[in-house]
Amino acid sequence: MPSYVLIQEGGSSCEMYLHAHLSLKEAAEDRCTCEQEGAFRTSPIVEVPDALAAHGELFYETVEAILAASWQLGFPGGGA
């Protein structure tokens, strides 16, 4: 069964959290809740294929690490 994920911004501009859901409906409801209860922006919902979702937490933790790294862009020589 595929899962449906969205990214939610955190309390600071560079925090991002991955929310995984078993249904598209649950994911859509979560987006609304993020806006209504915390005024947090969210990404569009992305369907994750079974083969990736089957890796469970390992997959989701890896995606969160990639998201965090995306805020640390720079040049190999250390320049921003």
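**View 1. What sits over the buried residues of helix H1: strands S1 and S2 are among the cover.** This is a predicted model, and the close-up starts with H1, residues 24-38, which lies across S1 and S2. The helix runs at about 10° to S1. Which residues of H1 are buried? They are Ala-27, Asp-30 and Cys-34. These three cover an arc of only 50° around the axis, which puts them on the same side of H1. An α-helix has 3.6 residues a turn, so residues three or four places apart point the same way. Turn to the other side of H1 and you meet Lys-25, Glu-35 and Gln-36, which are exposed.

**View 2. H1 from end to end, and the residue that comes after.** H1 has 15 residues, which at 1.5 Å a residue should span 21 Å. The C-alpha atoms at its ends are 21 Å apart, so the expected and modelled spans agree. If you like checking backbone torsions, have a look at Ala-39, which follows H1: its phi is positive, near 55°.

**View 3. The open sheet, with its strands in the order S2-S1-S3.** Three strands make up this sheet, and their pairing is antiparallel. Why does one side of S2 and one side of S3 lack a neighbour in the sheet? Strand S2 (16-21) and strand S3 (46-48) stand at the edges with a single partner strand each, so one side of each is left free of sheet neighbours. On average, neighbouring strands here are turned by 35° against each other, direction ignored.

**View 4. Strand S1 and its bridges to S2 and S3.** How many bridges link S1 to S2? There are six, in the antiparallel sense, and one of the facing pairs puts Tyr-4 opposite His-21 in S2. With S3, S1 (residues 3-9) pairs over three bridges, again antiparallel. Here Ser-3 stands opposite Val-48, while Val-5 has Val-46 as its bridge partner in S3. In a regular strand the side chains alternate between the two faces of the sheet. As for burial, S1 is mostly covered, with six of its seven residues buried.

**View 5. Helix H3 packed on the sheet.** H3 takes in residues 57-69 and touches S1, S2 and S3. The direction of H3 makes about 150° with that of S2. From first C-alpha to last, the 13 residues of H3 reach 18 Å, close to the 18 Å expected at 1.5 Å a residue. Phe-59, Tyr-60 and Leu-67 are buried in this helix. Look down the axis of H3 and its buried residues fall within an arc of 95°, so they line one face of the helix. Their cover includes S1, S2 and S3, along with helix H2 (50-53). On the face turned away from the buried side, H3 carries the exposed residues Glu-57 and Leu-58.

**View 6. Zooming in on Leu-67, a residue of helix H3.** Is Leu-67 buried or exposed? Its relative accessibility is 15%, so Leu-67 counts as buried, the cut-off being under 20%. What does Leu-67 touch, leaving aside residues up to four places away in sequence? The answer is Ile-7, Met-16 and Leu-18. For a distance to check in your viewer, try Leu-67 and Asp-50, which are 17 residues apart along the chain: their C-alpha atoms are separated by 21 Å.

**View 7. Stepping back to the whole chain.** The secondary structure comes to three helices and three strands, following the pattern β-β-α-β-α-α along the sequence. The C-alpha trace spans about 45 × 35 × 15 Å along its principal axes. Of the 80 residues, 25% count as buried. The chain exposes about 5,600 Å², with carbon and sulfur atoms supplying 61% of it. As for contacts between residues with a separation of 6 or more, 51% join residues 24 or more positions apart.

Terms used:
Residues are numbered from 1 along each chain as its sequence is written. This is a predicted model: local features need pLDDT of at least 70, side-chain atom pairs count only at pLDDT 80 or more; totals for chains, interfaces and linings use all residues. Side-chain values use heavy atoms; hydrogens and water are left out. Two strands pair if DSSP finds at least two bridges between them. Helices (H or I, at least four residues) and strands (E, at least two) are DSSP runs, numbered from the N terminus. Axes are lines fitted to C-alpha atoms, for helices over the stretch in contact, and angles run from 0 to 180 degrees between N-to-C directions. Contact means heavy atoms within 4.5 Å. Buried means under 20% relative accessible area, exposed over 50%, partly exposed in between (1.4 Å probe, protein chains only). Accessible areas come from the Shrake-Rupley method with a 1.4 Å probe; for residues, only the protein chains shown count as cover. The expected span of a helix is 1.5 Å times one less than its number of residues. The arc is that of the directions from the helix axis to the C-beta atoms.
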